[in-house]
Amino acid sequence: MAADSPPRDPAIALRNIVRTFRSPRGVIRALDDVSFDVAPGTITGLIGPDGAGKTTLLRILAGILGSDSGQARILGFDPSTEAPALQRHLGYMPQKFGLYEDLTVAENLDLHADLHGVPEDRREELYAPLLSMTALGPFRARLAGKLSGGMKQKLGVACSLVHAPPLLLLDEPTVGVDPVSRRELWEILTRQVRDKNTTLLVSTAYMDEASRFDRVVILYNGKILGEGRPEDLILEAQGHVFHVVVPAWSPRKLEPFLARVPGILDAVGEEDGVRIVVEETAPPPFPGELAQARTGAVSPRFEDAFMQRLAHGAPGERRKAPSSPENLGWENKRTGLTDGAKEESIVIRDLTRYFGSFCAVNHLTFSVRRGEIFGLLGANGAGKTTTFRMLSGLLLPTSGELRIDGQDVLSSEVARIRGRLGYMSQKFSLYSQLTVRQNLTFFTSAYGMGGRRQRDRIAEIEEFFELTPYRDESAGLLPLGFRQRLALAASVAHEPSILLLDEPTSGVDPVARREFWRTISQLSLWGVSVLVTTHFMTEAEYCDRVAIMAQGRLLTLGSPAEIKGQARTPECPTPTLEDAFIGLLEKVPPAEASA
Amino acid sequence: MTSQPSFMERWVRVRAMIRKESLQILRDPSSLAIAIVLPVLLLLIFGYGVSLDARHVPIAVVQESRTPASEGFVAGLRQSPWFVPRSYPDIHSAVAALRRQDVEGILWLRENFGRSIESFRTHGAHVVVDGVDDNTARLVEGYLTNTWETWIGFRNLRGRALSFQPVNLDVRIWFNPDSRSRDFLVPGLIAVIMTLIGALLTSMIIAREWERGTLESLFSTPVTIGEILIGKFIPYFLLGMAGMGVSVIMGHFLFEVPLRGTLLVLTITSALFLTTALGMGLVISTISKNQFVAGQIAIVFTFLPAFILSGFIFDIHSMPLFIRVITHIIPASYYVTILQSVFLAGDIPGVIIPNAIALFFFSLFLFTLLVRISRKRII
C-alpha cells in the first residue's frame, strides 16, 4: 500500500545506527550500521532470530536506550534528545507485555491512559473499540495475572494503543503464543493500521509471519541482511528452490546428507522429500549414492529467501550441520531397532488429571512408537505440560494408565523409569555459572554415571554436539543456539531411550533450529522415541505423527499429511498444518479463560 | 503538541502512579505482612519474650546456721521483687540445683554470718551466680548487692550496730526508674521497624519492576523518573507512618511504655527518619535490578546496622572506638537517640535538634544521589 501513496516524510528514519555492549566475551556489536526508513501507515516487520538486535533497536526507537552513533528521527523527533516529546506520541509494548499482573484489566488500561494524559471523558469512547476488538470486555475486573497468555498479549497491545498513538512499536508480541491467538492479534493490528492509519513496527522470530508485513527488515547479528517488500524478497529465491526425492531414502536420512553437498545452501526435511535451496539456478551434481534422485522446482517461501541471504550475506557465519556418523552407543542398546519395528515405548491410556475442580488432562489416550518423533500441539493451557510432568513422574495422575517401555510408571520405581527418560525444558535448565563440561559432568553424575565410562561418554557427547571447543566456557555466556545444543546434549548424555522436549526451539535462529532437528532425526533413527511440544507449525512437519490437544482432550491424531487432509475444504484446497490446527481449535467451544 | 507538560498533566501522572502503587501494596500479602504483621510480631517478641531485666529470679539460699541476722537478711530477700529465695540444707544440694538450672544463683551464708556482721568482718556471705547467661548473672549480682546494702542500711537505721559503710550508696535510676528494658527496647524497635518498611520493602519494589519488565513499559510513556519516584515514595511513606503508629500504640497501651515527649515531635522526627530510610531503599533498588540482591543489600546495609549498631540493644558508649565511629554513619543511631529521649525523658531540644539535623542531611544526601543516578533508560 505504501508504494502507491504519495511520498511523505517517513515515520521512522534511521541512518548508521551503532550500539555496542560490553560482555565478558568482549564487545558485542548489537547494532552494526543499521539504516532504513518506515513509511507512515504501513506495517514493517523486523525479522531475525534471538540476539539479532531487534530488542535493542526497538528500545532505541522508544527513547529508552541510547545509541553509540548514527542518526534517528522518529515522528520527526530525535529519540536521544527529545524522548519526552516523542513518548507522548508513541505506543510501545516490550517483551513479556509489560503488564502489572496484580492490577485488573481496567486498572492497567487506566494507568496507561493517565500516564499518556488521556482525558477522563474520552476514555470510554477510546476503550470501547479496544475492548471489543480484543474481546476483553467481559474481563475488565479480572487481574491481568489471571489472564491466559493470548489475552495478556492482547491487553498489552490495548494498553499501548490507549492514547491512539500514530506509531506503535511491538517487541515480539507473538512469541510463545499459540497460533489461534497469533491470528487474532494480527487481525487486531491490521485493522488498527487500516482504520487509524497507525504506523506499526513489529519484531518477530517467526519467518512465516513475513507475509503479514508491507515491508520487512531482516536483522542478523546486528546487521541488516535484507530489506524490502516480502514478495520481492521471496522472488529473489525463485528458481533456487527444489524438492528432492530419492527412492528408499527417508527424508530424515536424506536431509543431513544433502546439507553437506557443496552448492546447497539449505536443506529441510519434509514429509515426502527434502526441500533444498541452491546456489545456482539448478541443483548441483549429487554424489553417486543419490543417482536415482528426482528433483523438481518449487515456489519459494520467505524462509528460503532468508536462508539464501544468510548464506550470501554472512560468510563464515554458517555452521555445518553435525552429521557425525558416530552412533553414540545407542546401537548396542535395547533401544536399537530394525526397520519397521512397531514396539510402543510410551503408552498413555485414559490419563486424567484434576487440579481441584479444573480438569487439566481429560481422558487422554495415545501411544508413541519406538524411534518415532511424536508432536504434541495445542494452545497455551491445553494440558501439554501437565502431560509431560506426569510422564516424567513429577506429577501423579488422578486416574489412567501410563507405561514407559512396557513398565507401569505408577507402580514401579520412579528413579528407574527416569533413567530411561531425557528431558529438555523450554528454559534449558542449565547451570549458567558452570562450564559446558561441568554441566555435562553434573547431569551424567545425577544419573549415576562415573569413572572412565562417564569421561568417555562426555568426550563423545562433546564431540557429537561440536561443543569440544567451548567445553571450558560458562554455559550462561554461550549464544542461545549453543545453549540449546548443550541442553540437548545434557538431556541425552545418560543414553535415554525416550526424549521429552518441551518447546525446545523457542527463539533460536533457523540455522540452529535445523541443526537441532537434524540431531533429533538422527537420534530417532537410532531408536530413541521423541515426544515434543512446539508452537512452530513448520516444525510439526518434522514429526511422524502429531496429536492436537485442547482443554486437556485430544482433538485429533495422525501424520501431518492426514491432519492436513482432514482440513481440506473447497475454499482451501491445500491447507497448511497451521490452517488445520486453527480450524480444529475454532470448533472447540470457548472455555473460560483461566490458568 | 506542547512539549512542556502542564502541572495538571504531571499531577494526573503522579496520581496514577500513587494509585497503582497503593493497589499493588493492598493486593500483595507480603508487603502488608512486612508493614503490619512483622511490626506486631517483633513488638510481641521483644515486649514479652526478650526481657533484659531480672524479676522473680529463683535463687538458692543456704544457711549454715540460722541466726537472727541471717533470717533477717533472707526475709529481706523474700520481700524484694527480684528474687524468689529457695532454701537448701547444704551447699552441695544448692550447687546441684544450680546445675539443673533450677536456680540462677546461690546465696551461701556461712556459719559465721551472724558474728561477722557484728564484728564487721565480711567473710560470712558468698554469692555464686550462673555465668552461662552473662547478662542475668550480672543482674543477679547487682540486685543482690543492692538488696544487701538496703538491708544493712535498714539495720543501721535501727541503730543495732554501727555502720561499717562510711559512704551510704543511694542508687537511683533516672529516666527509667523501674529499670524496665521494655521501655528502651520498644522505642528502639520502632526504628528497626521503620527501617524494615522504608528500606527493605522499598528496595525490592523497583527491582521487581525491572524483573517483570514493567519498568520498560513505564519508561516508554511520558512519565518522568521524578514522577515515578514520587509515586513510589508517597504510598510507602504512608505505609511506614502507619507501621510507626501501630508500634507507638502497642508500645504505649500494651507495654505501658511512657511517652514523655509530644506526639508532634515524635511524628516530625519519624517522618524525617522514614524519608532517610526510603531514600536508602530507593537508592538500593535503583542500583540493583534483582529483587534478591536488593533485599540482601538492604538487610546488610540498613536493617542489621539499625538492629546492632543503633544503640537499640547494645549501648554505643560501650563499643570500641572504631565501631563507635561507624555508628555515626548509621541514620538509625540518630533516630534511636531521639526516640529514647521522646519516650523516656521528653522533648529535650539539645538532644532532638542536632540529631534531627543529622537525619535531614542524610535524606538530603540520599535524594540528591537518587536524582543523579536514576535515569529513564534501560541499562
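**Exercise 1.** In this predicted model, find which residue of β22(A) stands opposite Leu376(A), then work out how β16(A) sits among its neighbours.

*Solution.* Start with the partner: Leu376(A) faces Ala547(A) in β22(A). That strand covers residues 545–550 of chain A, and it pairs with β16(A) in the parallel sense over five bridges. Next, look for another partner. β21(A), residues 529–533, also pairs with β16(A) in the parallel sense, over four bridges. Here the residue to check is Gly375(A), whose bridge partner is Val532(A).

Now split β16(A) by direction. In a regular strand, side chains alternate between the two faces of the sheet. Ile373(A), Gly375(A) and Leu377(A) point one way, while Phe374(A), Leu376(A) and Gly378(A) point the other way, and all are buried. With six of six residues buried, β16(A) is largely enclosed by the rest of the structure.

**Exercise 2.** Describe the side of chain A that touches chain B: how many residues does it have, and which elements give two or more?

*Solution.* Count first: the contact takes 25 residues from chain A and 23 residues from chain B. Then go through the elements on the chain A side. Those giving two or more residues are α2 (83–87), β5 (90–93) and α3 (105–115). The largest share, five residues, belongs to α3(A). Finally, sort this side of chain A by class: 12 nonpolar, seven polar and six charged residues.

**Exercise 3.** Find the largest nonpolar core and say which helix gives the largest share of it.

*Solution.* The largest core has 158 residues, and those with the most contacts inside it include Leu61(A), Leu155(A), Ala191(B) and Tyr335(B). Its largest share, 18 residues, comes from helix α7 of chain B, residues 181–212. Zoom in on Tyr335(B): setting aside neighbours within four places in sequence, this residue is in contact with Ala191(B), Phe273(B) and Leu359(B). Don't stop there, though. A second, separate core of 73 residues includes Tyr423(A), Cys543(A), Val546(A) and Ile548(A).

**Exercise 4.** Take Ala248(A) and Asp405(A), and say where each is found and how exposed each one is.

*Solution.* Begin with the backbone. Phi is near 70 degrees for Ala248(A) and near 50 degrees for Asp405(A), each a positive value in a residue other than glycine. Then place them: Ala248(A) is in the loop between β10 (241–245) and α8 (251–259) of chain A, and Asp405(A) is in the loop between β17 (399–404) and β18 (407–408) of chain A. Last, count C-beta neighbours inside 10 Å. Ala248(A) has 7, so it counts as exposed. Asp405(A) has 19, so it counts as partly exposed.

How values were computed: Residues are numbered from 1 along each chain as its sequence is written. Chains are lettered from A and ligands numbered from 1 in the order in which they are written. This is a predicted model: local features need pLDDT of at least 70, side-chain atom pairs count only at pLDDT 80 or more; totals for chains, interfaces and linings use all residues. A residue is buried if 20 or more other C-beta atoms lie within 10 Å of its own, exposed if 12 or fewer, and partly exposed in between; C-beta atoms are placed from the backbone. Two strands pair if DSSP finds at least two bridges between them. Two residues are in contact if their C-beta atoms, placed from the backbone, lie within 7 Å. Ala, Val, Leu, Ile, Met, Phe, Trp, Tyr, Cys and Pro count as nonpolar, Asp, Glu, Lys and Arg as charged, and the others, Gly among them, as polar. A nonpolar core is a set of buried Ala, Val, Leu, Ile, Met, Phe, Trp, Tyr and Cys residues joined through C-beta atoms within 7 Å.
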